[in-house]
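This briefing addresses the fold, the strand arrangement and the aromatic contacts of the chain shown below. Points are grouped by topic.

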Amino acid sequence: MLLMIKKSDFTRNSFFISYLLFLLCIIVTASCESSEKEKVSEAVAKETVEELSKEAKLKRKVETHLGIPANENYDFQVYYEYLDQDTLIDAVILVNRYAFALQKYEQDGNMKFLEYMGFSGPHNYVFVQLGNSDKLLDSQPIGSSIDTPLEVEFDFITSMAQKDFWVEYRLKNSLYRNYYRVHKGGLELTFNCPVFDNIGDDIPIAYHIQHKESAVRVAKDIFMYFGEIKNYNPSKIEDVNNFTPEEIVKTDSLFVFFIFNEKTGKYVTPYKKHNEED
């Protein structure tokens, strides 16, 4: 006996089977996407944990180096950049021990002196740990405001093969800049200069700083032009020790420029006074 199937039944069955296959594709695709998302999430989580673990180790090293107790409240920042010529990422660590400084000056009865100094003292620190070493590279503590943590920027300055960095810090009503490089496994201070000063005066001092490529030197030259602080109005400044300029506009007047001395590892000015002999 032949099994007779109506065309309408066949059409309905075909539609039903197609619908089931469509649902199955959706389920399989969603499952694959979910699996991929889980893998990505796991990778991100693993990377985050490793990063936290790395920073926790750096923090422990800094605390041991400076003798920081576990209960001390301080500012700790880590920035990653390539500071030598290998392919491993390096770390710049900035530390500000503001709570320790306040407690120390208060215990010593020197709070008035601290206020007079614009709450500045040698309690800001710069460290570097290279990616190929467990050694913590340090520098002299920076005498600067404990109210304002250090700020860092990176650029090719003394070499095009690796980056240097500079750190800006407050000292009363002025802002200064320290330039550093990693050289022969050590951290070197190559240059220091003011950015602005005399904030609160009718006419403050400000400099527009440029790093210029040299036709005869590998390292860039550092030019300091006299600058003007945009929209500067001393009557509207609430705290001269924490003033942030809107912009320092470059003028055509060059104050001084510096070239890098490879022998000393320092920036020097080729300018000479009129009474100096060749």
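Among contacts in the chain between residues at least 6 apart in sequence, those joining residues at least 24 apart make up 50%. The model is a predicted one. Its chain has 278 residues, of which 36% count as buried.

**Overall composition**

- Three helices and 13 strands are found in the chain.
- The exposed area of the chain is about 17,900 Å², and carbon and sulfur atoms supply 55% of this area.

**The eight-stranded sheet**

- An open sheet is formed by eight strands, with antiparallel pairing, in the order β6-β7-β8-β9-β10-β11-β12-β13.
- The edges of this sheet are β6 (151–155) and β13 (266–268); each has a single partner strand, so one side of each is left without a neighbour in the sheet.
- From one strand to the next, the twist averages 30 degrees.
- At the β13 edge, β12 and β13 are joined by three bridges in the antiparallel sense.
- Opposite K266 in β13 stands N261.

**Aromatic pairs**

- A pair of aromatic rings is described by two quantities, the distance of the centres and the angle of the planes.
- The count of aromatic pairs comes to 17.
- One of the aromatic pairs is that of F165 and Y180, which is stacked, with 5.3 Å centre to centre and 20 degrees between the planes.
- This pair links distant parts of the chain, with F165 in strand β7 (residues 164–171) and Y180 in strand β8 (residues 174–183), 15 residues apart.
- Both partners have low values against the 20% cut-off for burial: F165 counts as buried because its relative accessibility is 1%, and Y180 counts as buried because its relative accessibility is 2%.
- Y232 and F243 form an edge-to-face aromatic pair, 6.0 Å centre to centre and with 85 degrees between the planes.
- Y232 and F243 both lie in the loop between β11 (221–229) and β12 (248–261), so their pairing ties together parts that are eleven residues apart in sequence.
- Y232 counts as buried at 18% relative accessibility, and F243 counts as buried at 13%.
- A cluster linked by ring pairs contains W166, Y179, F191, F258, F260 and Y267.

**Charged groups over rings**

- The ring of F100 has the charged end of R97 over it, 4.0 Å from the ring centre.
- The ring of Y105 has the charged end of K104 over it, 5.5 Å from the ring centre.

**The surroundings of R181**

- Where in the chain is R181 placed? R181 belongs to strand β8.
- Is R181 buried or exposed? With a relative accessible area of 7%, R181 is buried.
- Leaving aside residues up to four places away in sequence, R181 touches T158, D164, G186, L187, E188, T190, F260 and G265.
- Among these contacts of R181 is F260, and F260 is also one of the residues in the ring-pair cluster.

Notes
Residues numbered from 1 in each chain as written. Predicted model: local features only at pLDDT ≥ 70, side-chain atom pairs only at ≥ 80, totals over all residues. Heavy atoms only, no water. Phe/Tyr/Trp six-rings, centres within 6.5 Å; stacked < 30°, edge-to-face > 60°. Helix = DSSP H or I, 4+ residues; strand = E, 2+ residues; numbered from the N terminus. Buried < 20%, exposed > 50% of the residue type's maximum accessible area, 1.4 Å probe, protein only. Lys NZ or Arg CZ within 6 Å of the ring centre and 35° of its normal. Pairing = 2+ DSSP bridges. Axes fitted to C-alpha atoms, helices over the stretch in contact; angles between N-to-C directions. Contact = heavy atoms within 4.5 Å. Areas by Shrake-Rupley, 256 points an atom, 1.4 Å probe, with all protein chains shown as cover.
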